[in-house]
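Thanks for sharing this one. Below are a few friendly notes to read alongside the coordinates, mostly on cavities and aromatic rings.

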Amino acid sequence: MSESRPAVVIPGSVCVAARSAMRTRFEVVIGACDAPRADWDAIAEETLDLAEDWHARLTRFEPGSPVWLINERAGSDAATPVDGLMIELLSSCARLVHATGGAFDPTRAGAMDALEVDADAMTARLKRPGVSLDFGAAGKGAALDDMARTLRSLGVTSALLHGGTSGVIAIGSAPGEPEDADGWGVCAGGRAVRLRDEALGVSAPAAGDAAGTSHLIDPATGKRVSRAAPPAALICERALDADAWSTALAVDPGLLVPAGVCQIEIEQSLSQAAREA
Amino acid sequence: MHEPTEFDRRSFMAQAGAGLAAVTLLPSLGLARQPSAGADIRVGVVGAGTHGRDVLREIGRMEGARVVAVCEPDERRLRSALRRGRGAEGFASIEDLLAADLIDAAVIATPTYKHLDTARPFLERGMHAYLETPLAHTPADTIELARLARGDRGVVAGGLQTRSNPVYQLARGFARSDSVRDVVSMRAQHHRKTTWRSAGSRGPGGDANWKLDPARSIGLAGEWGTQQFDLFHWYTDSLPTHVRGHGSIRMHQDGREMHDTIACTLEFPGGADMQYSATIANSYEGRYEVLYGTNAAIKLAWSHGWMFKEADAPTQGWEVYANRQQFHNDEGITLIAGATQLAEQGKLKDGVGLPYNSLYYNLADWLGAIESATEPASGVEAAARATLVGIAAHRAITTGERVEIDTTGV
């Protein structure tokens with residue numbers, strides 16, 4: 001795991017649960033909740049079920065998933081049925097593509113104009129062949145937002161959840177701390193930050209496994225971003241935005257972030273050490 | 001019986017590795033039944049817990065049916081379900097749902113102990129209904145549901161997911177042929193690490209943690225085992241006569257009475273027993289079933305299936321083209337549904353594993369049966385018998401007694 005990814009210290013007597021989904025490990029830590037302590041495990045499990053639900057919704061590798069079908073049918077007239085959450089996600093992605101000048105792009109090829117969404121019929125399709133959707137840069141964030149919303153609806157007032165530690169959401173403050181404390185302590189790339197009712201997203205080109213190139217693709221050129229590119233870490237209200245903006249900044253470090261998005265510096269020395277390792 | 005010569009032994013050892021030969025199956029298999037795009041069957045889902053949400057997702061993938069209503073008294077669950085739907089309307093009570101006259105068919109996705117009370121108003125109106133298996137938590141409720149379904153004028157399915165699973169349908173042909181030949185024994189397991197607690201609604205009538213309540217739950221054998229027991233009923237055309245078993249709490253020392261780990265043996269006529277284990281304390285190897293025969297063993301894991309031939313089993317011509325997978329010392333034939341069509345498209349290897357899960361195929365089959373006014377693959381009577389077996393298994397485990405299985409009431 002790249003050293004620029006956040007490390008989480010879990011304090012005291014809390015409920016911790018984990019599940020594998022979306023090719024990573026999701027973890028939920030519940031520190032305080034209106035429900036009896038005996039119910040916290042069930043709450044954590046119901047929340048982790050959503051990670052699997054989002055995996056089924058967004059995987060492009062498993063035949064039958066909505067994204068797989070949309071990609072498979074690209075260029076044809078056949079529209080794919082999608083649910084309300086998918087409609088919301090596609091709408092959010094369109095907004096983020098525009099806001100990041102295309103540095104974040106689920107089509108990875110500057111082809112968002114090929115995506116046709118019918119919110120009344122609740123269908124989606126790609127109008128041109130050769131275009132495909134890839135939610136690798138946003139899927140975990142979308143799942144984390146949904147999970148956090150569910151935790152809050154179940155009376156959780158203190159929680160930390162992450163999806164592979166490249167995306168973290170904090171609810172309230174860590175257990176044992178005053179209610180007005182400034183949240184959970186998270187360490188990202190040697191930098192300690194506090195999160196309270198917000199999300200941290202980290203994108204680290206050095207974490208790629210291809211020799212000399214990262215797993216990130218620049219939508220403008222279609223080429224992989226160099227592993228020498230600096231990592232990006234941002235704090236936003238929503239994990240989807242943090243996910244998308246951190247990816248965008250890793251692709252285009254010169255991008256200006258808008259108000260409401262807080263970029264934090266991750267130590268270059270650690271990312272350099274990762275490259276040299 | 002043929003005694004292999006030294007030459008035979010050398011040649012088959014060279015070909016078969018550790019002693020089992022792989023065979024490819026390339027039968028022709030029709031596509032799983034599902035509603036046509038123009039069917040437009042309007043479905044109401046009653047119950048918006050985990051299973052109700054799964055139903056919403058799977059029907060949401062189909063083109064010939066749509067969920068137009070969700071019925072759930074818990075406001076939080078209803079809100080969450082509607083966000084996951086495709087424009088469905090929400091209702092807090094069955095009375096309100098029925099009064100709206102919006103639906104053609106209903107999926108009953110409430111906890112098991114509520115199935116009878118939930119399904120009754122729909123069945124008494126002669127509506128199409130999908131009943132989850134296990135059908136109920138008591139023999140009396142199970143038999144009553146079967147009776148109501150018999151009187152119903154709609155298409156009523158019993159939620160036995162193996163019966164509409166294309167790989168399982170394919171494998172059944174081989175299980176009942178000389179490919180497997182005589183059944184030696186059967187085994188199944190369902191392992192999944194979880195608490196089995198549920199963040200359900202609390203207060204009077206609430207269903208929070210119902211699976212742990214001895215008065216409302218039929219335990220792992222009933223809730224999980226019923227589906228898997230039915231596979232063997234279906235494959236062997238027989239029902240077990242007795243069951244014995246035991247259980248314990250291996251991990252969840254939280255004051256619960258319900259066992260978190262169980263094992264039982266179902267005794268089938270003719271002496272071929274079925275061994276079953278289930279636990280919520282470990283996830284290794286998940287859920288699968290194995291049928292051992294004198295010519296081959298078949299292993300089924302819901303989206304995948306394999307046949308492991310014995311070295312001395314007859315060889316057939318198509319075996320040369322088999323798609324195979326290696327499991328340590330064993331090599332299995334992959335059972336591919338729709339293999340002929342996939343081979344014609346050059347996508348045979350893509351066909352390993354089903355694209356959809358068993359619930360999808362089961363719901364699609366029921367909806368297809370509604371459209372064609374025919375019987376679903378998963379009938380209520382078979383589901384009722386399977387439920388009675390599951391209830392008996394749970395009783396054997398909790399009492400430590402050898403329990404006689406009686407399905408004559410169905």
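## Notes on the model

1. A buried pair to begin with: in this predicted model, B:Tyr113 is buried, and B:Trp210 is buried as well. The ring centres of B:Tyr113 and B:Trp210 lie 5.9 Å apart with the planes at 50 degrees, so this pair counts as tilted, since the tilted class covers what is neither under 30 degrees (stacked) nor over 60 (edge-to-face).

2. What does this pair tie together? B:Tyr113 sits in the loop between strand S5 (105–108) and helix H5 (115–124) of chain B, while B:Trp210 belongs to the loop between strand S8 (183–191) and H8 of that chain, so the contact of rings links parts that are 97 residues apart in sequence.

3. On aromatics in general, you will find 11 aromatic pairs over all chains. There is also an aromatic cluster formed by B:Trp306, B:Phe308 and B:Phe327.

4. Now to the empty space. The count is 3 cavities of 30 Å³ or more, and the largest has a volume of about 200 Å³. Its lining is made of 19 residues, with A:Asp83, B:Arg57, B:Gly60, B:Arg61 and B:Arg86 nearest the centre.

5. Which elements give two or more residues to that lining? They are helix H1 (40–58) of chain A, and helix H2 (50–60) and strand S3 (65–71) of chain B. H2(B) supplies the largest share, 4 residues. By residue class, the lining of the largest cavity holds 9 nonpolar, 2 polar and 8 charged residues.

6. The second largest cavity encloses about 40 Å³. Lining this cavity are B:Gly219, B:Leu220, B:Ala221, B:Met258, B:His259, B:Ile262, B:His394 and B:Ile397. Helix H8 (219–236) and helix H11 (380–399) of chain B each give two or more residues to the lining, and H8(B) gives the most, with 3. Here the division is 5 nonpolar, 3 polar and no charged residues.

7. A word on confidence before you build on chain A. The average pLDDT of chain A is 86, and 88% of the residues score at least 70. Over residues 269–277 of chain A, however, the pLDDT is below 50, and this stretch has 9 contacts in the model beyond near neighbours in sequence.

Notes:
Residues are numbered from 1 along each chain as its sequence is written. Chains are lettered from A and ligands numbered from 1 in the order in which they are written. This is a predicted model: local features need pLDDT of at least 70, side-chain atom pairs count only at pLDDT 80 or more; totals for chains, interfaces and linings use all residues. Side-chain values use heavy atoms; hydrogens and water are left out. pLDDT is the predictor's confidence in each residue, from 0 to 100. Contact means heavy atoms within 4.5 Å. On a 1 Å grid over the protein atoms alone, a cavity is a set of points where a 1.4 Å probe fits but cannot get out, and a pocket is an open set with protein on both sides within 12 Å along at least five of seven lines; lining residues have an atom within 4 Å of a point. Grid points are joined across faces, edges and corners, and a volume is the space filled by probe spheres set on the points. Ala, Val, Leu, Ile, Met, Phe, Trp, Tyr, Cys and Pro count as nonpolar, Asp, Glu, Lys and Arg as charged, and the others, Gly among them, as polar. Rings of Phe, Tyr and Trp (its six-membered ring) pair if their centres lie within 6.5 Å; planes under 30 degrees apart count as stacked, over 60 as edge-to-face and the rest as tilted. Buried means under 20% relative accessible area, exposed over 50%, partly exposed in between (1.4 Å probe, protein chains only).
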